[in-house]
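Trainee: I should like to learn how to read a structure of this kind. Would you please take me through it, feature by feature?

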Amino acid sequence: MADFEIVSEYKPTGDQPEAIENIINNFNKGIKRQTLLGATGTGKTFTMANVIKRIGKPTLVLAHNKTLAGQLYNELKSLFPNNHVEYFISYYDYYQPEAYVVSSDTYIEKDAKINEEIDEMRHSATAALMNYDDVIVVASVSCIYGIGDPDDYKDSMLNIRVGDVINRKELYRKLVEMQFERNDIDFKSGTFRVKGEILEIIPPSEHAKGIRIEFFDDEVERIRTFDVLTGKSIDDVAFANIFAATHFVTNKSKLEEALRRIKEELKIVHQKFLDENKPLEAERIEQRTKYDIEMIEQTGTCSGIENYSRHMSLRNEGETPSTLIDFFPKDFLLIVDESHVSLPQVRGMFNGDRSRKENLVNYGFRLPSALDNRPLKYDEFDKKINQLLCLSATPGDIEKAYPITEQIIRPTGLLDPIIEVRETKGQVDDIYALILKQIEKNERTLITTLTIKMSEDLTAYLKNLGLKVAYLHSEIKSLQRLEILKDLRLGKYDVLVGINLLREGLDLPEVSLVCILDADKQGFLRSDRSLIQTIGRAARNANGRVIMYADSISDSMEYAIKETKRRREIQENYNKIHNIVPKTIIKEIPKSITIKNIDEMTAADIMANRPLTKEEKMLTIMELEEEMKMYAKELNFEMAAQIRDAILELKASK
């Protein structure tokens, strides 16, 4: 049993202790899957941490996007400072997948920019799983993609001890086979250099600390860690365990067999195209594959080597690929946050990936084995799970089938908002009157509509009445969206109008009123789950209330109203017993993404979509990249991810 230690001044309160005990007891009884239904603001992450501590098993925490994964990593890292909390997300800052568009006969080559820091963290996660038991890995759903065989990864590990006698030439060759690059100039993660009888290596999971191995002839005389920047020694160590520089690694005998299988498949596919009278496809697949084979023979890898992962790991056609989950022991704990979004995302990833690759295979750009470089199917994912805990305020059908533990009480004492239903006649005038009262109290309002036109018309109408109102929709770019949300909190806007105001990051304690237009219109945006999530936007303010405008009470409305009332009553009873007076959450308003003046340009110019010159755009991107790195170093991955999106949009703009 792994020893996890929570370091926090807080103890479980409210209904957290009961929820923790119930979850632990269910697992001890042999119940493998269960759900924690936790209302917004009840401290689900702290409950999660206490469950991890009590269960004492390596844990995978799954989130549906990088932003949420970053938040969870940051929180768990602070709660478990003495354990191994790791981060595993897609390492691409930018990713354009390889594709072929049949209608226009357009081949799109894979284009990607790898974030080296995230790549280090991925390697740190897998290395920790190989070496320790007290490991928590926070991952996005991209972790269900194949990454290479964990047995090959472990077998490729280089173990060097003081006193070992090693043929240095063989050692250098071994490092190259492990995909390390010999580089005396650009010394970075995944490289090594040789200075006389001193070998220096920077492991793939590090960038600031390297390993210095000192030889006397072929004997290892001393091993030390050192600061990569200054070159100063840090510690003497007795041994060093060095993992491969890539997760797609294999031994020499396996590599030879893999190449034989690739050549055999190429021969079959090439002949198939010829038999089907497709000479262009036959020539294309032959040239592309032979080039890749030559690169693998010479260097051990090639661009797009993941497309040969089935052969590299000697799997059969259709066999389940190895993923991050396979680096965990069989007896591990899986926690899925926001499971009503995350699990459907896992379910849908396979089909989307396969449809793109089938075109590449059918037109001779890739061998059919590329189809096995894929995410897990849902049933494959399900079979790998031992113990599962789903977390959601609005569980989906999958999670509802499991035993449910409720966590309704907020330690802050904040209540679910009061809900009122009003008729649609005169609704706009009614909203205007409500907003004026909100302004007097210095509190903000959200209005959600069903259509873009309604949002635009309502925004224009309220502006004509002299209100400070903004419209938030899908076409608003990241920079603008961040500025609008910040300005709402600061009071530069009093009202925000939109269609779907449930996006991550919409944490607005200043909002005390949510108006839902056409609340009785059944559909995705007015389902019981969406209504509960929308209602939750007003749950961070002590004066929170929701007005639903409708001509009838739909089933979804009825469920959402009853559920909100039930949760509110539970919280009220708790507050009375413990003499708690609800207080609005006080949350620091994040500083703006800095866009310094460039000549005559101001941030307002950018927000107004003034076309930037090429020089202005480059300077802006450089400044944003510096700010993104700063947030990443502070472990504020939420802001770093949002700035990254803004950079990509600037790069993509004409």
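**Reading the chain, from surface to contacts**

Mentor: Let us begin with the surface. The accessible surface of the chain comes to about 30900 Å², and 49% of this area belongs to carbon and sulfur atoms. Please keep in mind throughout that the model is a predicted one.

Trainee: What share of the 654 residues of the chain counts as buried?

Mentor: Of the 654 residues, 52% count as buried. As for secondary structure, the chain holds 20 helices and 25 strands. Contacts in sequence terms are also informative: among those between residues at least 6 apart, 74% join residues at least 24 apart.

Trainee: How should I read the packing of two helices, and at what angle do α7 and α8 pack?

Mentor: One considers the angle between the axes, then the residues that meet. Helix α7, residues 252-275, packs against helix α8, residues 279-299, at an angle of about 170°, and their axes are 9 Å apart. Angles over 145 degrees count as roughly antiparallel, so α7 is roughly antiparallel to α8. On the α7 side the contact includes Leu255, Leu259, Ile262 and Phe273, and on the α8 side it includes Ala282, Ile285, Ile293 and Ile296. By class, the residues of this contact divide into 11 nonpolar, 2 polar and 5 charged.

Trainee: At what angle do the axes of α16 and α17 cross?

Mentor: The axes of α16 (residues 528-535) and α17 (residues 555-578) cross at roughly 45° and come within 8 Å. That angle makes α16 oblique to α17. The handedness of the crossing is right-handed. From α16, the residues Asp528, Leu531, Ile532 and Ile535 take part; they meet Ser556, Met557, Tyr559, Ala560, Glu563, Thr564 and Arg567 of α17. This contact divides into 6 nonpolar, 2 polar and 3 charged residues.

Trainee: May we turn to single residues? Is serine 140 buried or exposed?

Mentor: For a single residue, one looks at the relative accessible area, and a value under 20% counts as buried. Serine 140 has a relative accessible area of 5%, so this residue is buried. Serine 140 lies in strand β8, which spans residues 135-140. Leaving aside neighbours within four places in sequence, serine 140 is in contact with Leu62, Ala63, Asn65, Ala69, Phe88, Ile89 and Ser90.

Trainee: Where is threonine 323 placed, and which residues does threonine 323 touch?

Mentor: Threonine 323 is in the loop between α9 and β17. With a relative accessibility of 0%, threonine 323 counts as buried. Not counting residues up to four places away in sequence, threonine 323 touches Cys143, Ile144, Tyr145, Gly146, Ile147 and Leu376. One may also consider C-alpha separations: threonine 323 and phenylalanine 381 are 58 residues apart along the chain, and their C-alpha atoms are separated by 9.8 Å.

Trainee: What separates the C-alpha atoms of asparagine 373 and arginine 310?

Mentor: Their C-alpha atoms are separated by 6.9 Å, while the two residues are 63 residues apart along the chain. Asparagine 373 is in the loop between α10 (339-362) and α11 (378-384), whereas arginine 310 lies in helix α9, residues 309-312. Asparagine 373 is buried, with a relative accessible area of 9%. Arginine 310 is buried, at 8%. Residues up to four places away in sequence being left out, asparagine 373 touches Glu306, Asn307, Ser309, Asp353 and Lys357. On the same basis, arginine 310 touches Arg261, Arg315, Asn316, Glu317, Pro368, Ser369 and Asp372.

Trainee: Finally, how should I read backbone angles, and what is phi of aspartate 217?

Mentor: Most residues other than glycine have a negative phi. Phi of aspartate 217 is near 60°, a positive value in a residue other than glycine. Aspartate 217 lies in the loop between β13 (209-216) and β14 (219-227).

Trainee: And what is phi of glutamate 338?

Mentor: Phi of glutamate 338 is near 45°, also a positive value in a residue other than glycine. Glutamate 338 is found in the loop between β17 (333-337) and α10. With 22% relative accessibility, glutamate 338 counts as partly exposed.

Key: Residues numbered from 1 in each chain as written. Predicted model: local features only at pLDDT ≥ 70, side-chain atom pairs only at ≥ 80, totals over all residues. Heavy atoms only, no water. Axes fitted to C-alpha atoms, helices over the stretch in contact; angles between N-to-C directions. Helix = DSSP H or I, 4+ residues; strand = E, 2+ residues; numbered from the N terminus. Parallel < 35°, antiparallel > 145°, perpendicular 65-115°, else oblique. Left-handed = near helix turned anticlockwise from the far one by under 90°. Contact = heavy atoms within 4.5 Å. Nonpolar A, V, L, I, M, F, W, Y, C, P; charged D, E, K, R; others polar. Buried < 20%, exposed > 50% of the residue type's maximum accessible area, 1.4 Å probe, protein only. Areas by Shrake-Rupley, 256 points an atom, 1.4 Å probe, with all protein chains shown as cover.
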